Amino acid sequence: MGPAKNGANHKYIIGIAVAKTDRLRTVRETSPLDKPAGVTVLTNATGRMLRYSRLLALLPVITGAAACGRFEVVPLLVGSTTSVHDSGLLDELIPAFEDAHPSVSVRVLAVGTGQALALGRRRDVDVLLVHAPDVEREFVRQGYGLQRAPVMRNDYVVAGPPPDPAAVRESGSAIQALASVAAARERFVSRGDDSGTHRRELSLWRAGGLQPAGDWYEEVGQAMGATLLMANERRAYVLTDRATLTSMGDGLDLRVLLAGDSALVNIYSVIEVAGAANPVGACLFSRWLRSAPGKERIRAFGLKNFGESLFSPLPAAGPVDVHAEDDCREIARPE
Amino acid sequence: MNPFAEAWELLWSGDLYVADVVLRSLYISGSALVFATAIGIPLGTVVALSRFRLRTPVVALINTGLALPPVVVGLTVYILLSRSGPLGPLSLLYSPVAMILAQVVLAGPYIAAVTLAAVQGVPPDVRLQARGLGASRWQATRLHVREVRASLVAAIAAGFGAIISEVGAVMIVGGNILGQTRVMTTTIVLETRRGNFGVAIAVGFILLALAFAVNLLLTLLNARGMRRPLVS
């Protein structure tokens with residue numbers, strides 16, 4: 001590559017940020033002490049980038065070859081809700097599952113239930129672990145899911161700052177608790193992201209005949225962990241699942257102010273996505289979660305790390321066998 | 001409905017949600033740009049024209065501004081403004097002020113670095129000649145800065161392009177609160193997550209159009225700057 005060509009490149013690319021590139025070059029050549037470091041680096045990097053861009057053209061060929069060489073390892077994509085992820089449960093379950101089924105390699109996408117279901121509809125994930133029963137049934141009814149099976153439960157709680165300015169502690173139910181926050185116009189942070197928790201919160205407002213709006217009500221559109229951090233910083237009330245709150249416990253100045261209402265039961269289900277890229281893995285994952293070893297891990301998770309059980313496994317419905325590999329391969333075989 | 005058709009519909013009808021986040025983005029990044037320019041251009045000029053001990057590390061530090069990772073800036077501002085941080089009592093976290101602060105930290109060094117390079121790029125003869133013809137130090141400096149004005153406008157425009165399209169810092173310090181701190185980039189992240197591709201595409205289109213406008217301006221300025229004689 002001759003100097004003339006090099007110069008032209010650098011004028012084209014760097015000229016956008018620094019109009020007088022020619023003069024910069026003059027300075028660089030005449031007085032090395034005044035060398036503008038940033039620009040020199042950019043110039044060299046640009047030249048290298050342009051040279052390597054020819055190699056980049058080969059990239060599809062290389063990756064294509066690599067893909068052909070190891071086509072048998074299709075990762076299992078799990079679309080999970082953020083509460084299971086932010087609380088640390090999946091970090092416990094996934095390695096145990098992979099030990100039990102070494103042929104499956106799991107990748108987790110931790111998103112809100114709304115997005116997890118959207119991913120499922122697009123078949124971007126193989127199996128879902130979510131918690132919005134009504135929407136899940138709809139999902140299966142519309143043919144996007146093969147099978148929905150409840151796995152575990154925990155509960156939602158209304159949390160807030162310890163002084164409790166809206167007197168949520170004195171309210172008898174979740175609906176009353178939200179009503180008193182609204183009446184006091186105390187700040188309330190909402191997930192606002194179509195997640196399972198967000199849907200439950202909206203249905204509680206609806207049940208109380210309220211439509212939350214105003215500067216006290218903040219929709220943040222973020223995961224459970226981030227939402228709790230925001231509620232903590234802003235001394236706000238929040239509806240959260242108990243697991244995420246407990247697992248973040250020490251760092252937060254939020255207290256459980258209302259719990260135990262039957263309207264706050266939170267059920268997590270596993271759904272195998274119809275037309276998944278890895279149906280065998282999805283089937284194995286679904287069964288393992290509901291098998292005795294899976295249940296044991298779920299129960300032990302909270303006890304081991306926080307001294308209380310955060311998720312309770314549910315009694316299984318349907319056939320569950322930990323040595324189900326052949327069974328799952330049978331099920332997944334195209335007819 | 002096809003998400004592209006939906007996006008078109010939203011743009012065409014002037015959807016309030018889309019308009020709200022676009023205006024907020026312009027307000028926040030515009031304010032940040034004013035402060036960043038007020039800090040960056042004098043800083044870059046002074047460092048370019050002075051000789052002092054530790055100049056080399058200072059120049060290196062300013063040049064780091066060209067590659068400052070937004071999430072690290074976001075994290076730093078978050079820790080500063082958090083309730084348990086040194087500026088906690090001001091209650092600025094999750095407010096537009098926090099977002100402006102983070103973007104000033106991002107764009108300020110960027111503008112300073114480009115100013116520094118541009119001012120240094122003027123041949124020393126220009127200054128010597130001006131001084132020889134009787135210009136005061138201040139007049140010579142003004143001439144110097146005028147000489148590179150096209151580069152400075154380019155620096156400001158590039159700084160704006162960088163902060164308006166940045167998502168890491170504003171998500172951390174702004175919190176993406178609907179109607180308060182939700183801007184174009186955080187809207188795209190959220191609406192994509194929710195599967196509302198129409199809204200995400202509509203906002204993305206506006207962001208792209210803005211980026212294009214900024215770069216068009218840069219290219220035009222660049223072309224003019226190249227044609228202009230050395231001393232006008």
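How many of the 10 residues of helix α11 (residues 224–233) of chain A are buried? In this predicted model, the count is eight, and the helix is mostly covered. The buried set consists of Met224(A), Thr227(A), Leu228(A), Leu229(A), Met230(A), Ala231(A), Asn232(A) and Glu233(A). Several elements of chain A contribute to the cover. Among them are α5 (82–86), β5 and α10. Strand β7 (237–241) and helix α12 (242–248) also take part.

The loop between α11 and β7 of chain A holds Arg234(A). Is Arg234(A) buried or exposed? Arg234(A) is buried, because 21 other C-beta atoms lie within 10 Å and the cut-off for burial is 20 or more. Beyond residues up to four places away in sequence, Arg234(A) touches Arg187(A) and Val189(A). It also touches Tyr94(B). Leu252(A) is 18 residues from Arg234(A) in sequence. In space, the two C-alpha atoms are 11 Å apart. Arg235(A), which follows α11(A), has a positive phi, near 50 degrees.

Two aspartates of chain A also have unusual backbone angles. Most residues other than glycine have a negative phi. Asp164(A) is not a glycine, yet its phi is positive, at about 50 degrees. This residue lies in the loop between β4 (145–160) and α9 (174–184) of chain A. Asp194(A) likewise has a positive phi, near 65 degrees. Its place is the loop between β5 (188–190) and α10 (196–207) of chain A. How do the surroundings of these aspartates read? Asp164(A) has 16 other C-beta atoms within 10 Å, so it is partly exposed. Asp194(A) has 24 within 10 Å, so it is buried.

The nonpolar interior was examined next. In soluble globular proteins, nonpolar side chains tend to be buried together. The largest nonpolar core in the model has 99 residues. Val158(A), Val77(B), Ala102(B), Ala107(B) and Val173(B) touch the most other members. Helix α5 (residues 96–121) of chain B gives the largest share of this core, 18 residues. Val158(A) is in contact with Val168(A), Ala174(A) and Ala177(A), leaving aside neighbours within four places in sequence. Its further contacts include Tyr237(A), Leu239(A), Leu257(A) and Leu258(A). A second, separate core has 43 residues. Among its members are Val125(A), Ala243(A), Tyr268(A) and Phe311(A).

Chain B has 11 helices and zero strands. Its C-alpha atoms fill a box of roughly 70 × 45 × 20 Å along the principal axes. Of the 232 residues in chain B, 47% are buried. Which contacts connect distant parts of the sequence? Among contacts in chain B with a separation of 6 or more, 78% join residues 24 or more positions apart.

One helix pair of chain B illustrates the packing. Two packed helices are described by the angle between their axes and the distance between the axes. Helix α6 (residues 124–132) of chain B packs against helix α7 (residues 137–147) of chain B at an angle of about 145 degrees. Their axes are 9 Å apart. The crossing of α6(B) and α7(B) is right-handed. From α6(B), the contact uses Val126(B), Arg127(B), Ala130(B) and Arg131(B). From α7(B), it uses Ala140(B), Leu143(B), His144(B) and Glu147(B). Four of the residues in this contact are nonpolar, one is polar and three are charged.

Confidence was assessed by chain and by region. Chain B has a mean pLDDT of 88, and 96% of its residues reach 70 or more. Chain A averages 79, with 73% of residues scoring at least 70. Among the elements of chain A, β5(A) has the highest mean pLDDT, 96. Helix α1 (residues 3–14) of chain A has the lowest, 37. Over residues 1–47 of chain A, pLDDT stays under 50. The model has 68 contacts beyond four places in sequence for this stretch. Residues 64–72 of chain A also have pLDDT below 50. That stretch has zero contacts beyond near neighbours in sequence. Where pLDDT is low, the predicted coordinates should not be read in detail. For the complex, the predictor gives an ipTM of 0.71 and a pTM of 0.72.

Note on methods
Residues are numbered from 1 along each chain as its sequence is written. Chains are lettered from A and ligands numbered from 1 in the order in which they are written. This is a predicted model: local features need pLDDT of at least 70, side-chain atom pairs count only at pLDDT 80 or more; totals for chains, interfaces and linings use all residues. Axes are lines fitted to C-alpha atoms, for helices over the stretch in contact, and angles run from 0 to 180 degrees between N-to-C directions. Helices (H or I, at least four residues) and strands (E, at least two) are DSSP runs, numbered from the N terminus. A crossing is left-handed if the near helix is turned anticlockwise from the far one by less than a right angle, and right-handed if clockwise. Two residues are in contact if their C-beta atoms, placed from the backbone, lie within 7 Å. Ala, Val, Leu, Ile, Met, Phe, Trp, Tyr, Cys and Pro count as nonpolar, Asp, Glu, Lys and Arg as charged, and the others, Gly among them, as polar. A residue is buried if 20 or more other C-beta atoms lie within 10 Å of its own, exposed if 12 or fewer, and partly exposed in between; C-beta atoms are placed from the backbone. pLDDT is the predictor's confidence in each residue, from 0 to 100. A nonpolar core is a set of buried Ala, Val, Leu, Ile, Met, Phe, Trp, Tyr and Cys residues joined through C-beta atoms within 7 Å.
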